[in-house]
Amino acid sequence: MKLASEKAAGLWLPIPRELEAILGRLEQLSLGPEFSVQREAALRRVLQIYLEMGPQAPLAPLTEEVELADGWLYADFYPEDGQLTLIEQLRDVITEHIPNEERQWLDPLKHSYMDLVEVLAAEPGASRCRLRSIGNGRLYEVPIEGLAGRVQAGKVLLTRLVREPGDPETTASVGAGPALVLTMEDTRALSDAINDERRQMELVGGSFELGDWPEFAKRYGHLLLAMFARMRFIALADAVAHIRYRHESGSPDLYLLALYEHREFSWIAGSLGELEGLTEVAAGGGAADKVRRWVMQEKDDQGNVQLVARVTVTATQLVVECDAQDRLNALKHSLAATFGFSLHYRGETEHPPARRVTQEQLTAEEPLTLVLTNEEDRAFVNAFLEKVYLEWADRESPALGGQTPRHAASVDASRPSVVSLIDQLERNDPGLWRTGASAFDYNKLRAHVGLV
């Protein structure tokens, strides 16, 4: 199952009319004013990760998650203020007549719990489908019309199954409505996380009866839903982290940038070649400029050599460009270890280029590839430089001997140095070697220091 998708596989298992009536009565009780605080507390416990993030949450709970949370509230939740459980209120407090055909479902529902159940292969012509609990191997047999043609054998359902009234050991069961469909891979991850939680709870609280799956699932079944929600967010973060950005030419877009200032071109340029993985290539620049460039290359899955990082040194700046955060961090660490305080860090990009991405794109089988136009790339670099240069006029500049550009521009003797510095920055704008056109308007810097 694609956990990050808003359309994750879910289904609805048919509910007997009498059990559906009981669930409706429980819902009405839960919505009463005297139970409203407890209802909110219960649902917050189950759907906590969604509620904590509020409207900014990148994912909303699935319909099946909300309905399973409601089922946990009706059948499993013990009020924290001493009230009877909802089932006890309905069963023991006589306020209205409940027909016996409905009442007989109260005890089976009270003893039910959320479970992870594997769908087993059904015999041809069988009227029931067999399900096996991942937790303890217990078998359930449910009417096949709820599953036939909808879920393949080997898939796993996160759902609530209710034993049919009568023999408490019977395998004959019915669904209680909502079910989430998981792959076996996702089930193992969820099961491992839950088992780790159980062991931790046993060690801390000494509640070794939690080793019994029905006991644990009845008391802490909400953790199954909470862990499922956490896995959805992890899956979304993983999908975003593996987005591949490409230029129109097909080459990787080096969307992670870091900018440094310096005044020791010869030493820095002479030492960069010693950093592991960097190879020097020809660099452009103005006729009077000092510009040298190194690249890092790797082979992709098809064996093609791809550019994955670039380091450009000009007379006053060093620009690092990478295709991955880990690579940028490694290069920054190497630069700090090699050059120390000779490099003055000025900033880096924190987010990839802005692009609206659909859930279907994020949850495709292959990592998503986004192609950026030259215009989009220039806009991205411009936004980065806007942020970096926001305080440039009032920061001490190594190229100006530690003076701020604004102060140096106000002094006749140093004013030409500021003019020359901004001209040099303009000639070596990162947009020029990325797309062939300047990304930033350097008249903004001239205005900041009073040159225009």
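A polar contact is a pair of N or O atoms within 3.5 Å, where one must be able to donate a hydrogen and the other to accept it. With that in hand, welcome to a tour of this predicted model.

**View 1. D115 and its polar partners in strand 2.** We start with D115, which lies in strand 2 (residues 113-119). Its side chain reaches that of Y140 through a polar contact of 3.2 Å, and a polar contact of 3.0 Å joins it to the side chain of S133. D115 is buried, with a relative accessible area of 2%. Beyond its neighbours within four places in sequence, D115 is in contact with S133, G135, Y140, L157, L158, T159, W213 and L224. For a sense of scale, the C-alpha atoms of D115 and L180 are 11 Å apart, with their positions 65 residues apart in sequence.

**View 2. R160 and D76, joined by their side chains.** Next comes R160, found in strand 5 (residues 156-163). Is R160 buried or exposed? With a relative accessibility of 5%, R160 counts as buried, because buried means under 20%. The side chains of R160 and D76 make a polar contact of 2.6 Å. Leaving aside neighbours within four places in sequence, the residues in contact with R160 include L68, W72, L109, Y113, M114 and V174.

**View 3. The largest nonpolar core, and another one apart from it.** In soluble globular proteins, nonpolar side chains tend to be buried together. Here, the largest nonpolar core has 67 residues, and L26, L109, L131, L147 and L158 are those with the most contacts inside it. Helix 10 (residues 222-241) supplies the largest share of this core, 9 residues. Around L26, once its neighbours within four places in sequence are set aside, the contacts are Y74, L86, I87, L90 and L109. Another core of 54 residues lies apart from the largest one, with W294, M296, L400 and V418 among its members.

**View 4. Aromatic pairs between distant parts of the chain.** The model holds 11 aromatic pairs. In one of them, the ring centres of Y50 and F233 are 5.4 Å apart and the planes meet at 50 degrees, so the pair is tilted. Y50 sits in helix 3 (residues 48-53) and F233 in helix 10, so many as 183 residues apart. Y50 counts as buried at 4% relative accessibility, and F233 is buried at 12%. W267 and F339 give an edge-to-face pair, with 5.2 Å from centre to centre and 85 degrees between the planes. This pair links helix 11 (residues 265-272), home of W267, to helix 12 (residues 325-339), home of F339, across 72 residues. W267 is partly exposed at 38%, whereas F339 is buried at 3%. Look too for the cluster of Y389, W392, F440 and Y442, linked by ring pairs.

**View 5. E375 in helix 14.** E375 has its place in helix 14 (residues 374-388). This residue is exposed, with a relative accessible area of 52%. Its C-alpha atom is separated by 8.4 Å from that of T435, 60 residues away along the chain.

**View 6. The whole chain, for orientation.** Stepping back, the protein chain has 18 helices and 14 strands. Its radius of gyration is 32 Å, well over the 22 Å that the globule rule gives for 452 residues, so the chain is more spread out than a compact globule. Along the principal axes, the C-alpha atoms fill a box of roughly 100 × 50 × 40 Å. Buried residues make up 49% of the 452 residues.

Key
Residues numbered from 1 in each chain as written. Predicted model: local features only at pLDDT ≥ 70, side-chain atom pairs only at ≥ 80, totals over all residues. Heavy atoms only, no water. Helix = DSSP H or I, 4+ residues; strand = E, 2+ residues; numbered from the N terminus. Buried < 20%, exposed > 50% of the residue type's maximum accessible area, 1.4 Å probe, protein only. Contact = heavy atoms within 4.5 Å. Core = buried A, V, L, I, M, F, W, Y, C linked by side-chain atoms within 4.5 Å. Rg over C-alpha atoms; globule rule 2.2 N^0.38 Å. Phe/Tyr/Trp six-rings, centres within 6.5 Å; stacked < 30°, edge-to-face > 60°.
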